[in-house]
Amino acid sequence: MLGRLKMGLTVGLTLSLTMLSACSSAPIASSTDVSSDPRDPYENFNRKVYALNDVVDQKILLPVVNVYEDVTPSVVTKGVSNFFSNLSEMSNFLNHSLQLKPKKAAKDVGRLVINSTLGLGGVIDVASNLGIYQEPEDFGQTLGYWGVSSGPYMVLPLLGPSTLRDTSAIVIDISASPIRRYDPVANNFYISVLQVIDLRYQLGNFDSLMSGDPYTFIREAYLQRREHLIKDGAPPDDDDFDDF
């Protein structure tokens with residue numbers, strides 16, 4: 001459901017942007033593409049992409065992740081996950097700042113400093129042990145916070161579930177990633193490969209959690225989770241400016 005190495009991510013992003021352009025320029029969906037759920041007007045096409053992603057996941061990514069899990073000590077896999085989590089604090093800080101949430105932005109900086117120093121470059125999540133927990137934030141959430149509609153549900157090649165709004169934010173999120181700053185380029189590639197493996201490793205065997213139609217289950221889970229993240233788990237009428 002994620003992607004294959006750096007090339008997979010690049011190809012996936014290119015195809016995603018192509019889909020975004022096509023969806024925005026199509027005036028009316030054909031009768032064969034209309035879904036019973038108004039949030040998913042391109043369900044027939046999305047299901048085909050979902051099936052492709054599932055094949056890639058089962059035949060390519062999962063075998064790699066299984067080997068990674070078998071040969072890597074748990075303390076190392078935990079350290080790898082912590083390292084990438086620490087890198088994401090810069091994105092969290094930028095997006096919390098754009099949402100005018102200074103307390104959360106300050107907490108992001110605090111976590112970054114603590115884990116980058118006491119946590120040996122982020123390998124150990126010292127901040128969480130001190131009760132300073134991470135609050136992930138991306139540009140899609142920022143757009144949603146400022147009232148940008150999610151638009152139709154989409155399934156992106158190799159990248160998985162998304163919406164029109166979240167797809168348009170992918171370029172910003174990738175540009176803000178510290179991984180892009182690593183030099184030489186070969187380091188950028190290997191780190192990206194490891195990040196993809198780590199992301200899939202953290203997902204685990206989610207098939208056992210699904211019930212009913214897998215496509216519908218994932219769609220509902222994704223849309224509900226995104227809404228929850230945008231609202232910080234609070235009711236819609238909560239005043240987000242209380243941070244001030």
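This note goes through a predicted model, taking its core, aromatic pairs, hairpin and a few single residues in turn.

1. The nonpolar core. The largest nonpolar core of the predicted model has 11 residues in all, namely L61, V65, Y68, V80, F84, L87, I179, I191, V193, V196 and I197. Two or more of these residues come from each of the helices α2, α3 (74-87) and α9, and the largest share, 4 residues, is given by α9. As general background, nonpolar side chains in soluble globular proteins tend to be buried together.

2. The aromatic pairs. The structure contains 7 aromatic pairs, and one of them is formed by Y50 and Y215, whose rings meet edge-to-face with 5.9 Å from centre to centre and 80° between the planes. The two partners belong to distant parts of the chain, since Y50 sits in helix α2 (residues 43-71) and Y215 in helix α10 (residues 214-230), 165 residues apart. Y50 counts as buried because its relative accessibility is 19%, a value under the 20% limit, and Y215, at 2% relative accessibility, is buried as well.

3. A second pair. Y68 and Y201 also form an edge-to-face aromatic pair, in which the centres are 5.7 Å apart and the planes make an angle of 85°. Because Y68 lies in helix α2 and Y201 in helix α9 (residues 185-203), this pair ties together parts that are 133 residues apart in sequence. Y68 is buried at 11% relative accessibility, whereas Y201 is partly exposed, with a relative accessible area of 25%. Y68 should also be read together with point 1, as this tyrosine is listed among the residues of the largest nonpolar core.

4. The tyrosine cluster. Y50 and Y215 recur here, for ring pairs link Y50, Y153, Y215 and Y222 into a cluster. Y153, one of these residues, belongs to strand β1 (residues 153-156), which leads to the hairpin.

5. The hairpin. Strand β1 is covered on both faces, with Y153 and V155 buried on one side and M154 and L156 buried on the other. This strand pairs with strand β2 (residues 160-163) in the antiparallel sense, over 4 bridges. Within the pairing, M154 stands opposite S162, and L156 has G160 as its bridge partner in β2. Between the strands of the hairpin there are 3 residues, and L158 adopts a positive phi near 70°.

6. The nonpolar surface patch. At the surface, L120, V123 and I124 make a nonpolar patch of about 260 Å². V123 is located in the loop between α5 (102-117) and α6 (126-129), and counts as partly exposed because its relative accessibility of 38% falls between the 20% and 50% limits.

7. A buried glycine. How exposed or buried is G140? This glycine, which is found in helix α7 (residues 139-145), is buried, with a relative accessible area of 1%. The C-alpha atoms of G140 and D173 are separated by 8.5 Å, while the two residues are 33 residues apart along the chain.

Definitions and conventions. Residues are numbered from 1 along each chain as its sequence is written. Side-chain values use heavy atoms; hydrogens and water are left out. Buried means under 20% relative accessible area, exposed over 50%, partly exposed in between (1.4 Å probe, protein chains only). Two strands pair if DSSP finds at least two bridges between them. Rings of Phe, Tyr and Trp (its six-membered ring) pair if their centres lie within 6.5 Å; planes under 30 degrees apart count as stacked, over 60 as edge-to-face and the rest as tilted. Patches are made of residues with over 30% relative accessible area and no salt bridge: like charges are joined within 9 Å, nonpolar side chains (Val, Leu, Ile, Met, Phe, Trp, Tyr) within 5 Å. Accessible areas come from the Shrake-Rupley method with a 1.4 Å probe; for residues, only the protein chains shown count as cover. A salt bridge is a side-chain nitrogen of Lys or Arg within 4 Å of a carboxyl oxygen of Asp or Glu. A nonpolar core is a set of buried Ala, Val, Leu, Ile, Met, Phe, Trp, Tyr and Cys residues joined through side-chain atoms within 4.5 Å.
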